[in-house]
Amino acid sequence: MTFEVLTKDAKTRARRGRLQTAHGAIETPVFMPVGTQATVKSMTPDQLRQLNVEILLCNSYHLFLRPGHETVARLGGLHRFMAWEGPILTDSGGFQVFSLSSLRDISEEGVRFQSHLDGTTHFLSPELAVEVQVALGSDIMMILDDCLAYPAGHFDADRSMRRSLAWAERCHTRWKGTWGQPPRPQALFGIVQGSIYSDLRKESAERLIAMDFPGYAIGGLAVGEPKPLMYEIIEHVEPYLPEDKPRYLMGVGTPADLVEAVARGVDMFDCVMPTRHARNGWLFTKGGHIVIKHSKYKEDHEPIDSTCACSVCRTYSRAYLRHLFISNEILSSVLNTMHNLYFYLDTIRRIRQFIEFHRFDEILAETRRTGAH
């Protein structure tokens with residue numbers, strides 16, 4: 001994997017880059033739709049290609065439990081399994097272990113947990129987290145980290161951060177042991193932790209950089225902290241991250257969050273919001289969101305967003321989309337997801353264009369004037 005910064009904004013930390021992987025190039029900033037179980041819910045790979053999706057996120061926790069990483073490997077790897085030839089990033093599963101598993105026992109060695117599917121007990125170590133992702137064959141893998149809830153005191157955040165650093169070193173060692181000397185076909189990203197505490201975030205970033213990962217993520221945000229605090233943490237961490245490595249903000253966020261985080265130097269994003277909200281009838285527009293089930297749309301012949309160029313807005317009315325949603329038709333999830341993903345991908349495309357034209361401050365001002373979508 002290689003990364004190059006093509007253009008920098010003079011007034012902010014925004015930057016336009018290109019990430020080259022074994023399965024193709026990714027233009028950054030980039031938004032990654034979430035395909036948790038080797039599928040973006042309600043979307044086919046062909047539909048994702050038509051939307052110009054550049055990279056997908058899949059989750060190794062879910063694929064580890066079902067159908068099993070070894071099964072996927074025997075079937076030719078994740079790309080062949082899901083018929084997606086583009087780049088894939090896999091999360092280590094750490095967040096899901098801590099959020100989905102009802103019973104878990106964390107130690108310095110790893111985490112023992114019960115499957116949310118059938119209650120069976122599993123043990124996930126940093127080494128196994130890497131081995132699972134190697135078997136899946138993703139282009140970018142993530143370290144196993146200790147995911148802390150918000151709010152957390154400094155003592156708990158410090159302990160969690162140090163455990164994440166120890167696990168990061170073990171992941172890094174296992175990764176190097178798998179592939180030997182560069183070039184390595186799968187990249188491994190470190191994850192900066194430390195909750196809301198600037199001293200812990202600084203130490204986490206500096207120690208991860210000393211391990212020399214191909215890229216770095218900012219984790220532990222969008223877990224309930226106020227938005228201004230999230231932006232403050234990104235601003236604090238960014239100066240410690242290498243200029244020549246990609247920066248990934250995990251699990252964030254709204255369209256406005258993308259613009260604000262790019263202004264603070266972030267290159268990569270993922271979030272379930274556009275797809276999950278779509279299935280719940282929450283649709284994004286330039287003027288804010290609409291909830292399509294509301295009765296006021298029953299005879300509304302207008303598209304979701306008259307300024308949107310997606311195939312849904314060019315074809316269907318709000319009245320029809322409301323009818324599909326109220327009728328619980330499968331097509332509702334398909335069309336709503338297509339629109340919301342287009343909206344996010346178009347937002348990130350516009351961000352790239354504004355950086356290229358050295359006018360990023362205009363889209364930033366526009367976002368702050370209209371507020372979060």
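How many salt bridges does a search of the whole structure find? The search finds 34, where a salt bridge means a side-chain nitrogen of Lys or Arg within 4 Å of a carboxyl oxygen of Asp or Glu. Before we walk through some of them, a word on the ground rules. This is a predicted model, so local features need pLDDT of at least 70 and side-chain atom pairs count only at pLDDT 80 or more, while totals for chains, interfaces and linings use all residues. Residues are numbered from 1 along each chain as its sequence is written, and side-chain values use heavy atoms, with hydrogens and water left out.

Let's start with the overall picture. The protein has 14 helices and 16 strands; these are DSSP runs numbered from the N terminus, with helices being H or I of at least four residues and strands E of at least two. For 373 residues, a compact globule would have a radius of gyration near 21 Å, and the protein has 20 Å, which agrees. That radius is taken over C-alpha atoms, and the globule rule is 2.2 Å times the number of residues to the power 0.38. Along the principal axes, the C-alpha atoms fill a box of roughly 60 × 50 × 40 Å.

What about the inside and the outside? Of the 373 residues, 56% count as buried, meaning under 20% relative accessible area (exposed is over 50%, partly exposed is in between, with a 1.4 Å probe and protein chains only). The accessible surface comes to about 15700 Å², and carbon and sulfur atoms hold 51% of that; the areas come from the Shrake-Rupley method with a 1.4 Å probe, and for residues only the protein chains shown count as cover. As for contacts (heavy atoms within 4.5 Å), take those with a separation of 6 or more: residues 24 or more positions apart account for 66% of them.

Back to the salt bridges. Glu4 and Arg18 meet through their side chains at 3.9 Å, N to O. This pair links distant parts of the chain, with Glu4 in strand β1 (residues 2-8) and Arg18 in strand β2 (residues 15-21), 14 residues apart. Glu4 is partly exposed at 42% relative accessibility, and Arg18 is partly exposed too, at 29%.

Arg318 and Asp300 make another bridge, their closest N and O atoms being 3.2 Å apart. Here the link runs from helix α12 (residues 318-326), home of Arg318, to the loop between β16 and α12, where Asp300 sits 18 residues away. Arg318 counts as buried at 18% relative accessibility, and Asp300 counts as buried at 14%.

Then there is Arg359 with Glu362, whose closest N and O atoms are 2.9 Å apart. Arg359 is partly exposed at 36%, and Glu362 is partly exposed at 37%. Some bridges also share partners: Lys8, Arg13, Arg15, Glu238, Glu243, Arg247 and Asp267 are joined that way into one network.

Now for the rings. The whole structure has six aromatic pairs. Rings of Phe, Tyr and Trp (its six-membered ring) pair if their centres lie within 6.5 Å, and planes under 30 degrees apart count as stacked, over 60 as edge-to-face and the rest as tilted. In one of the pairs, Tyr61 and Phe113 have their ring centres 5.6 Å apart and their planes at 40 degrees, so the pair is tilted. Tyr61 lies in helix α2 (residues 60-65) and Phe113 in strand β8 (residues 111-114), so the pair ties together parts that are 52 residues apart in sequence. Tyr61 is buried at 3% relative accessibility, and Phe113 is buried at 1%.

Phe284 and Phe343 form a stacked pair, 6.1 Å centre to centre with 20 degrees between the planes. Phe284 is in the loop between β15 (282-283) and β16 (290-291), Phe343 is in helix α13 (residues 330-356), and the two are 59 residues apart. Phe284 is buried at 0%, as is Phe343 at 4%. Ring pairs link these two with Phe31 and Tyr344 into a cluster.

Trp175 has a different sort of partner: the charged end of Arg184 sits over the Trp175 ring, 4.4 Å from its centre. The test is NZ of Lys or CZ of Arg within 6 Å of the ring centre and within 35 degrees of the ring normal.

Last stop: Arg352, found in helix α13 and buried at 13% relative accessibility. Leaving aside neighbours within four places in sequence, Arg352 is in contact with Arg16, Glu27, Thr28, Pro29, Val30 and Glu54.
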